[in-house]
Structure formats: structure tokens, C-alpha cells
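Me: I should like to look closely at one part of this protein, namely its sheet. Please describe that part in connected prose, explaining each term as it arises.

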Amino acid sequence: MSAVADAKAPALVERRPDVGAPFWLLAELTYRCPLHCAFCYNPVDFARHEDELSTDDWLRVLREGRELGAVQCGFSGGEPLQRKDLEILVAEARRLGYYTNLITSGIGLDEQRIVALKQAGLDHIQLSFQDSTREVNDFLSSTRTFDLKRKAAGLIKSQDYPMVMNCVIHRLNIDHVERIIELAVELDADYLELANVQYYAWAQLNREQLMPTREQLQRAEAITNQWREKLGNKMKLLFVVPDYYETRPKKCMNGWGNVFLTVTPDGTAVPCHTARMLPGLAFPNVRDMSLSDVWYRSEGFNRYRGDGWMQEPCRSCPEKEKDHGGCRCQAFMLAQDPAAADPVCDKSAHHHLIQQAIEAAARPRVIEKPLVFRGPKESRALDRAF
């Protein structure tokens, strides 16, 4: 995917020769959401950040993002359809030359809104499901929304959008992968992303209940591969393996402050959607600082660029250019040190923490605490607790 051909040339911005321009601007428009997913990637303390950017603020962010050189713009949340100005923002992004993507649960998408979004120039829609059946889908989101999602899928197809379906996979639905694929076929999906949970935010809080066994993961991937052969070019199937079952960390966000620039609902700018959890690191707000200064000059975006921050074994590792030391948030959550080697790496001094989690997932299940479903009340309670 690329920016539309008639994209306007970005305005001049003072750049740094050692730092490229961002490629992707992620506009997290709101933390409001009708769903209550136990694996949500929004911060656990999201309820303390309720002061959303205004329409004018977002319009300025979009303009400054294009001036920086960003060519793709994702609108997410929470649920971005909760913002009544979504169509205005999409239209401005289109005018500026972005390729636009709406990441949605589908709740709030009716015929009037999808026609308006189409007219505004929206390029792409990704629709999430939680499972293949009404019972499990509605349990995992703690809502009655399965039928609404199916209706949203029909609306997406009616406007000639590619049907891009996403389903987050974890212990509670991983054994339903075949039925999830069958649902995608029934909905005439062009793409299906089976994205295994990555353990941040609410998913980290519920890791004991959500983490599958290695055998479950292998079985699900084998089923996915069988369906790839069966479907051929009719539907593209993506299967994203969870970090914990790898021996090398991913190149998190394609490198810190390298490709992605996320602006959260209250205007805080971060290199990834979970980075604001990191202690002792100041992230700027777009109300106070231009996006150019955010990207090139802020402490938050410069702290983990390059390799000067790295400790051993990352500093002398021949693979550091491939993975950039892995994920800083994961290092903090597990090793309590954002500069440590990502514990997913089997060279890390903290890799045993990953192994312990895998071993715990394989043991007979004795779950002592219930799932904590995402919600403002739960967020405020957890914020007070920690």
C-alpha cells in the first residue's frame, strides 16, 4: 500500500541526516470503546487520559505528519467510530495524500457512516472479530456484538472495500482457528490476520489465562497452513506468532523512532502504542511541540535510537541490526530495565522468565484469578492499585 498518486509534496522540514522520516502515522483518536476485551493493547491506566484532542488539533497533526513525510495514516482507538469527526479527519488525510486505514470493531458502522467514509476517501478498513461464534465472541468482548460485526462486514463489502478481518488469538480461542477461518471464508474476506496475543497492557495483566501451550500454537499454525494450500489466492492468511515462543526478539516497531509515530487520544506522542509505560522517559504532547520537534528532537523518540544505549549482550551482538535489541516495553515489564536485552532473546540474562511463563502455560490449569475485562471502572481501580 502506498500514498495516493496525487499526494501533495510535503512542506520543508528541518531534518536530521541520521534519522529518516516516519512512514506511518497512527492516530489513536479515543480510548472510548464499546468492547471490553481482556487482551486490549490500550494502556491499563487509560481512564486517566480522558482529555481528547480537538478536531482542530487532529487536523494540525495530520498536516504536520505529511510535512514530515508520513504517507500512511491509521485511525484507531479505542473505537475510532466513537469520534463524530472521523469523516472530517479522513477527508483531510485524503486531501493531504495519505493512504488511510480504519482499524475498527465495526460497532457504530451503519450504512450512512460507511457511505460518508467512502465519500471522504477512506482507503482501507480492518475489522476485528473475537471468535467464530456469537457465544465466544461476545464473552471475550464482554458485549453482545457478534451480529453487529457480521453486519459491518456486509457493509464493508457493499462499498467494494477489501474485506480485511483480524482476530486476536489466545488460549481461549486458539483451538477454534479452523472455525475462525471458515467464518472468514463465509464473509468473503480477502485477508485474515490471526494475530497471537502479544503480552502488553491488558493482555499482560491476563497472561496467566490467555497464554496458549506450545502444542496449541503448533496445531493452530498447521491448520492455518492447510487452509493456505486449500484457499490458494482466494484469501491471504497471516499467522503472527507470539514473542514468547521465539528465541530471538522481533524488530520492535521496525526500530524505535524509525518508522512509526503514534499520537494518543490526549496528544502524547510515542514511538509505539505502549511506550508511555516506560519510567523516567518524557514523551512530548503535540499540543506543546510540533510533530517535527517530536520526531527529531524529543527525548522520548531519541532515547533508544541507534545502539549507543545498548547493554551487553546486545552491544556486541552481530544480530543487533536485525532486531535492535528487541522490545523496550517488554524488557521493562519482565526485567524492570528498559535498556536490558529483550527477555525473549535466548542470549538475555532474563530469558528464564520467558521459559517460566511457557512452562506455566503447559501445566494443568489452576487459575486463581478471573479475567479482568477492559473498562473505565477497571482502569481507575488498577491505576489506584499501582
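How many strands make up the open sheet, and in what order do they lie?

Reply: The structure is a predicted model, in which local features need pLDDT of at least 70 and side-chain atom pairs count only at pLDDT 80 or more, while totals for chains, interfaces and linings use all residues. Residues are numbered from 1 along each chain as its sequence is written, and side-chain values use heavy atoms, with hydrogens and water left out.

The open sheet has nine strands in the order E7-E6-E5-E4-E3-E2-E1-E8-E9, and its pairing is mixed. Its edge strands are E7 (236-240) and E9 (269-270), each of which pairs on one side only. Strands (E, at least two residues) and helices (H or I, at least four) are DSSP runs numbered from the N terminus. Two strands are said to pair if DSSP finds at least two bridges between them. Strands of a sheet pair through backbone hydrogen bonds, either parallel or antiparallel.

Consider E1 (24-28) to begin with. Five of its five residues are buried, a word that means under 20% relative accessible area, whereas exposed means over 50% and partly exposed lies in between (1.4 Å probe, protein chains only). In a regular strand the side chains alternate between the two faces of the sheet. In E1 both faces are covered: Trp24, Leu26 and Glu28 are buried on one side, and Leu25 and Ala27 on the other.

E1 has a parallel partner in E2 (residues 72-76), to which five bridges join it; Trp24 has Gln72 as its bridge partner there. Four bridges join E1 to E8, and these two strands also run parallel. In that pair, Leu26 is matched with Thr262.

Thr262 belongs to E8 (residues 260-263). Although Thr262 and Leu26 are 236 residues apart in sequence, their C-alpha atoms are 4.6 Å apart in space. Thr262 is classed as buried because its relative accessible area is 1%. Apart from residues up to four places away in sequence, Thr262 touches Leu26, Glu28, Thr268, Ala269, Val270, Cys272 and His273; such contact means heavy atoms within 4.5 Å.

Beyond E8 comes the edge strand E9. E8 and E9 pair in the antiparallel sense over two bridges, with Val263 opposite Ala269. The two strands form a hairpin with five residues between them, and Gly267 in the turn has a positive phi of about 100 degrees.

At the other edge, E7 runs parallel to E6 (residues 191-196), joined by five bridges. Within this pair, Ala195 stands opposite Val240. Helix H9 lies across E6 and E7, at about 165 degrees to E7. Here axes are lines fitted to C-alpha atoms, for helices over the stretch in contact, and angles run from 0 to 180 degrees between N-to-C directions.

Thr224 is part of H9 (residues 214-231). With a relative accessible area of 0%, Thr224 is therefore buried. A polar atom of its side chain lies 2.9 Å from the backbone oxygen of Ala220. This is a polar contact: a pair of N or O atoms within 3.5 Å, where, within protein, one must be able to donate a hydrogen and the other to accept it, and residues adjacent in sequence count only if both atoms are side-chain atoms. Leaving aside neighbours within four places in sequence, Thr224 is in contact with Val177, Ile181, Leu194, Leu237 and Phe239.

Finally, the loop between E1 and H1 (55-68) holds Cys33, and Cys40 lies in that loop too. An unreviewed UniProt entry lists Cys33, Cys37 and Cys40 under "binding site"; positions are given in the numbering used here, feature names are shortened, and annotations may be inferred rather than shown by experiment. Cys33 counts as partly exposed because its relative accessible area is 22%, while Cys40, at 14%, is buried. Not counting residues up to four places away in sequence, Cys33 is in contact with Gly78, Glu79 and Arg374. On the same basis, Cys40 touches Tyr200, Ala201, Trp202, Ala203 and Arg374.
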